[in-house]
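Here is a short walk through one protein model. Keep the sequence and the 3D view side by side as you read.

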Amino acid sequence: MRAIVHDQFGEPEDVLHVAERPTPEPGPGQVRVRTTLATIHNHDLWTVRGTYGFTPDLPAASGTEAVGVVDALGEGVDRFSVGDRVVAGGVFGVWAEAFVADAATLTPAPAGLPDEAAAQLVAMPFSAISLIDQLGLEPGQVLVQNAANGAVGRMVAQLAPARGIRVIGLVRRTAAVDELADAGIGDVVATDRDGWADRVRELAGDSPIVAGVDSVGGSAAGDVLSVLGEGGELVVFGAMAQPTLELSSGDLIFTQATVRGFWGSKVSRTLDADTRRRLFGELAQRIGEGVLTLPVSSTHAFEDVADAVRASLTPGRVGKVQLRP
């Protein structure tokens, strides 16, 4: 079978290439899935660079989320049948014509959901809804997030209000405010304008900002912290620009704020079955209502993986970049 691999760590557009690999056979409790579409995420590219929390052995496979069709069952699998359409999220090595996964890690693809949406259902949307759920905010409370025009930022802005939670978004470009408004997402403030923090507080009104989500790092994390109310919580979701957080000790001390990290893959593994079903049910409901949208920016053949990576890294891109075998 054909698979996208890399023999060394480095910039993905330089080191990723297509190679022939043996078609895997499922072991006990596993299934083999024929890939229909796979999605490129930032954490996939960080893994290829060797800078993520998981470092594969070289030569390495790549990719962690895809939709496909079950075409072989391992011993003891009764949850799926050959021909079932399934979604894999957090399964390493899915940028291939076929991959093997533990049956328990796969999710049935919701009927009627297009492949383009199903191929990105788990990693970002499930992380977003899990993050919102873990924050434990009540209706009427306010959270602020940076990278509001990123994939997770858009999803949080779509999903949280459905629970009655108010979301104020931060972006680094004034133009992004209008871009999000065109997508139906309001209460967005550009940090490149003077007085942006006062504007955030104005939008919050009498409601304290009880939680902040940082997906950028560097001084942007400090920007989120600076507008939190007393006893607020800063959750570090990613480090898109800078792996070091620049936080004011005064903001931490005088607001008695707390800081913690959030890694969707690890959180997902700790969720019980009932919670997972509830959250996936909520996602399916929001997609069906049109509340949650999962756009695709472009789709590329495996052989064009370098172009796909460059497209994924394009500033201002709306929607995910996907790979087709």
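**The open sheet and its surroundings**

Start with the sheet. This is a predicted model, and in it six strands make an open sheet. Their order is β10-β9-β8-β11-β12-β14, and they pair in parallel. At the edges lie β10 (188-190) and β14 (258-261). Each of these two pairs on one side only. The sheet is also twisted from strand to strand: neighbours are turned by 20° against each other on average, direction ignored.

Now look at one pairing inside the sheet. Strand β8 covers residues 142-145, and strand β11 covers residues 209-214. The two run parallel, and four bridges join them. Find L143 here: A211 in β11 stands opposite L143.

Next, add a helix. Helix α5 (residues 151-159) lies across β8 and β9 (166-171). The helix runs at about 165° to β8.

Step back to the whole protein. Its secondary structure comes to 12 helices and 16 strands. The C-alpha atoms fill a box of roughly 60 × 40 × 35 Å along the principal axes. How does the radius of gyration relate to that of a compact globule? For 325 residues, such a globule would have a value near 20 Å; the protein has 20 Å, so the two agree.

Burial and contacts complete the picture. Of the 325 residues, 50% are buried. Take the contacts between residues at least 6 apart in sequence: 67% of them join residues at least 24 apart. On the outside, the protein exposes about 14,100 Å². Carbon and sulfur atoms supply 49% of that area.

Terms used: Residues are numbered from 1 along each chain as its sequence is written. This is a predicted model: local features need pLDDT of at least 70, side-chain atom pairs count only at pLDDT 80 or more; totals for chains, interfaces and linings use all residues. Side-chain values use heavy atoms; hydrogens and water are left out. Two strands pair if DSSP finds at least two bridges between them. Axes are lines fitted to C-alpha atoms, for helices over the stretch in contact, and angles run from 0 to 180 degrees between N-to-C directions. Contact means heavy atoms within 4.5 Å. The radius of gyration is taken over C-alpha atoms; the globule rule is 2.2 Å times the number of residues to the power 0.38. Buried means under 20% relative accessible area, exposed over 50%, partly exposed in between (1.4 Å probe, protein chains only). Accessible areas come from the Shrake-Rupley method with a 1.4 Å probe; for residues, only the protein chains shown count as cover.
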